[in-house]
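Work through the exercises below with the model open beside you. Try each task before reading its solution.

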Amino acid sequence: MSMEDGKKGARPAVDAAAVSRRTLMAAAGCSVALMGLGALKYAGTPAQLRPPGGQDEERLMAACIRCQKCFGACPRRIIVPAKLESGVLSVRTPVLSFDDSYCDWCAEENGGVPLCVSACPTEALHLPPEATAEKTIIGMAKIDQKTCLAFRDTGCRYCYDACPYDAIELRTDDGTNPRPYIIEDRCNGCGACESVCVSLTAGALASSASERAVVIRPIEKA
Amino acid sequence: MDKLRIAVSGGLFALLSIGIVAGLSTGTLSGFGWDAFSLLCPFGAVTSMIAAHLVVPRGVVSLVLMVAFIAVFGRAFCGWVCPVPLGKRISGFFKSANRRKVEQDERRERMLDIARHQLSCGTECSECASCKQRRAKLDSRHVVLGGALLSTVAFGFPVFCIVCPIGLAFATVLLVWRLFANGDVSILVVAVPALLVLEATLLRKWCARFCPLAAFMNLIGRFNRTFRPVIDESKCIESVSGRPCSRCSMVCEAEINVRHPEFGERTLDDCTRCRACVEACPAGALSLPLRSGRGVQEGPVTIEDNVDPSVLASKPAGE
Ligand code: SF4
Ligand code: SF4
Ligand code: SF4
Ligand code: SF4
Ligand code: SF4
């Protein structure tokens, strides 16, 4: 008690409860910054191509902690971290890229049980028990007739041959060579067509486009 | 021990990075495991389940395991596993030797000041509460923890995960790898590490002042009674000869004043089990025993006889 009363001045400069005001202010600043970051939610984010089980965007964003496990779980390496274009808040969440391969629900590698879903520890990727590959809509294939080689009468039909769901038909419009058309209520956005499309690479015919002629587009929510 | 710690945390980071590069599904420190087995970051598990209104078995199991770990080993995760202190070491490497020395000397003087003051206070140690651990309070880290929780509740997603330096560190590995392996050019390859560096420089002393994970562990660590640093009073120079020493307090990476906990910025709940204090003690008085009780002082110590008489003389007798 002697200390507390008379000799306070003798105490070392570093006092017991020494959390400096400046540090506290900085910490409060961090909290405000986190709130601000959270509020970006209302700026809206564009729809994404999510792996199976990620179709409930609300749930995925709420639960995903960006642990990167699903990226490694996909045997086809088609799950990639979302970029800035997908919105600041989506960055590093899982999206699909069909550059090299497509999603077959792990049919080949795991008997049709999506490995990404079973790998996700937070259940951000989650499939209801009755879900099937056919009914789980990842996105929708769209063909750009300006860059599609078949629309230049080359007879290209890679996408048609690749589609596992018979969602592409070949039609011969007034005696032309066959051209592919998407049957929208069969397409689930698996990406097989996009992954094989040669419009960007087929020699002299390659267009100056930056995308393949068939690309999977996310389904915009109504 | 220091080298061992670098090897453990660095090795783990390297292993997980190999997992990322090789495309194994081992995940990162935020969510680590194979198949059904998974250990989640306890804070990630909590915020994710709050935000998604879900009770996820793996999340609950991880949380229980991590809480049990913290209750036994305190913040050992910070000292032995987390990659962030590694990064700080690397940045410390670029600090000029001069600057480092100045900082070291400052700390040394501060600790000696405290020791001198405490030794000459003229009160018997057994009667004075000063050397006992001060009651654990909330500090700046808990403010950040509160902000992280509040933003999660308010906006319905784990906001802190976006900027967590641990997550950013592993994301950097992934992005750089994708740049080389897949030619995936993205502004993120620059932006993610830049954010990491920004956090490290803008929020210097991240671990001791701002990290909400550390705050979380501190809260649970308050129940920890095992493997805490304990000073053997029969060996400690300060209690045996009454001369200031406090070398243990000069080296503690968690900024605990191990000898005079009341004066530390942090309490012993924050011990990361780095063992720096054990190694620094010239008298071999420190250990981290299985059972350690609450504070440092165990039983009465009399040092009055050893105190410089001039100091005592300057005090009104009997006070
Ligand atoms: S279901 Fe299989 S192939 Fe499809 S994205 Fe998931 S892990 Fe990849
Ligand atoms: S495994 Fe789940 S929590 Fe982890 S990044 Fe993928 S979706 Fe997010
Ligand atoms: S994405 Fe392409 S391959 Fe897959 S179902 Fe749709 S049209 Fe067929
Ligand atoms: S120096 Fe000692 S008290 Fe400080 S964190 Fe390391 S082991 Fe714990
Ligand atoms: S370093 Fe050892 S001798 Fe010195 S004050 Fe700490 S416990 Fe006592």
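The model is predicted. Chain B has 16 helices and five strands.

**Exercise 1. Compare the make-up of the two chains.**

Task: State the secondary structure, the buried share and the share of long-range contacts for each chain.

Solution.
- Step 1. Start with chain B. Of its 319 residues, 52% are buried.
- Step 2. Take the contacts in chain B with a separation of 6 or more. Residues 24 or more positions apart account for 74% of them.
- Step 3. Turn to chain A. It has eight helices and six strands. Along the sequence they run α-α-α-α-β-β-α-α-β-α-β-β-α-β.
- Step 4. Of the 222 residues in chain A, 49% are buried. Among contacts in chain A with a separation of 6 or more, 63% join residues 24 or more positions apart.

**Exercise 2. Describe the interface.**

Task: How many residues does each chain bring to the contact, and which elements of chain A take part?

Solution.
- Step 1. Count the residues. Chain A gives 54 and chain B gives 74.
- Step 2. Take the area. About 5,100 Å² is buried between chain A and chain B, with 66% of it from carbon and sulfur atoms.
- Step 3. List the polar links. There are 10 residue pairs in polar contact across the interface, both residues at pLDDT 80 or more. The rule finds one salt bridge between the chains. Its partners are Lys83(A) and Asp184(B), with the closest N and O atoms 2.6 Å apart.
- Step 4. Map the side of chain A that touches chain B. Helices H1 (2-6), H2 (21-39), H3 (57-63), H4 (69-73) and H6 (115-119) and strand E1 (79-81) of chain A each supply at least two of its residues. H2(A) provides the largest share, 12 residues.
- Step 5. Sort this side by class. It divides into 36 nonpolar, eight polar and 10 charged residues.

**Exercise 3. Read the ligand shells.**

Task: Which residues lie around each ligand, and how do the shells divide by class?

Solution.
- Step 1. Ligand 1 is surrounded by 13 residues, the closest being Cys74(A), Cys103(A), Cys106(A), Pro114(A) and Cys116(A). The shell has 11 nonpolar, no polar and two charged residues.
- Step 2. Around ligand 2 are residues including Cys64(A), Cys67(A), Cys70(A) and Cys120(A). Arg66(A), Lys69(A), Gln68(A) and Thr122(A) are also among them. This shell divides into eight nonpolar, two polar and two charged.
- Step 3. Ligand 3 has 15 residues around it, the closest being Cys163(A), Cys187(A), Cys190(A), Gly191(A) and Cys193(A). Its shell holds 12 nonpolar, three polar and no charged residues.

**Exercise 4. Trace salt bridges in chain B.**

Task: Where do the partners of three salt bridges sit, and are they buried or partly exposed?

Solution.
- Step 1. The structure holds 27 salt bridges over all chains. Take Asp2(B) with Arg89(B), at 3.3 Å from N to O. Asp2(B) is in helix H1 (residues 2-22) and Arg89(B) in helix H5 (residues 84-93) of chain B, so the bridge ties together parts 87 residues apart in sequence. Asp2(B) is partly exposed at 38%, and Arg89(B) is partly exposed at 32%.
- Step 2. Next, Glu255(B) pairs with Lys205(B) at 3.2 Å. Glu255(B) lies in the loop between H14 and H15 and Lys205(B) in the loop between H10 and H11 of chain B, so parts 50 residues apart are tied together. Glu255(B) is buried at 17%. Lys205(B) is partly exposed at 33%.
- Step 3. Last, Arg259(B) pairs with Glu233(B), also at 3.2 Å. Arg259(B) is in the loop between H14 and H15, and Glu233(B) in the loop between strand E4 (230-231) and H13 of chain B, 26 residues apart. Arg259(B) is buried at 4%, and Glu233(B) is buried at 12%.
- Step 4. Look for shared partners. Salt bridges join Arg75(B), Asp139(B), Arg141(B), Arg266(B) and Asp270(B) into one network.

**Exercise 5. Inspect two positive phi angles.**

Task: Where do Asp166(A) and Ser246(B) sit, and is each buried or exposed?

Solution.
- Step 1. Recall the background. Most residues other than glycine have a negative phi.
- Step 2. Asp166(A) has a positive phi of about 50 degrees. Its place is the loop between helix H7 (158-162) and strand E4 (168-171) of chain A. Asp166(A) is exposed, at 53% relative accessible area.
- Step 3. Ser246(B) also has a positive phi of about 50 degrees. Ser246(B) is in the loop between helix H13 (237-241) and helix H14 (247-251) of chain B. At 1% relative accessibility, Ser246(B) is buried.

Methods. Residues are numbered from 1 along each chain as its sequence is written. Chains are lettered from A and ligands numbered from 1 in the order in which they are written. This is a predicted model: local features need pLDDT of at least 70, side-chain atom pairs count only at pLDDT 80 or more; totals for chains, interfaces and linings use all residues. Side-chain values use heavy atoms; hydrogens and water are left out. A residue is near a molecule or strand if one of its heavy atoms lies within 4 Å of it. Ala, Val, Leu, Ile, Met, Phe, Trp, Tyr, Cys and Pro count as nonpolar, Asp, Glu, Lys and Arg as charged, and the others, Gly among them, as polar. Contact means heavy atoms within 4.5 Å. Buried area is the accessible area (1.4 Å probe) that two parts lose on being put together, summed over both. A salt bridge is a side-chain nitrogen of Lys or Arg within 4 Å of a carboxyl oxygen of Asp or Glu. A polar contact is a pair of N or O atoms within 3.5 Å; within protein, one must be able to donate a hydrogen and the other to accept it, and residues adjacent in sequence count only if both atoms are side-chain atoms. Helices (H or I, at least four residues) and strands (E, at least two) are DSSP runs, numbered from the N terminus. Buried means under 20% relative accessible area, exposed over 50%, partly exposed in between (1.4 Å probe, protein chains only).
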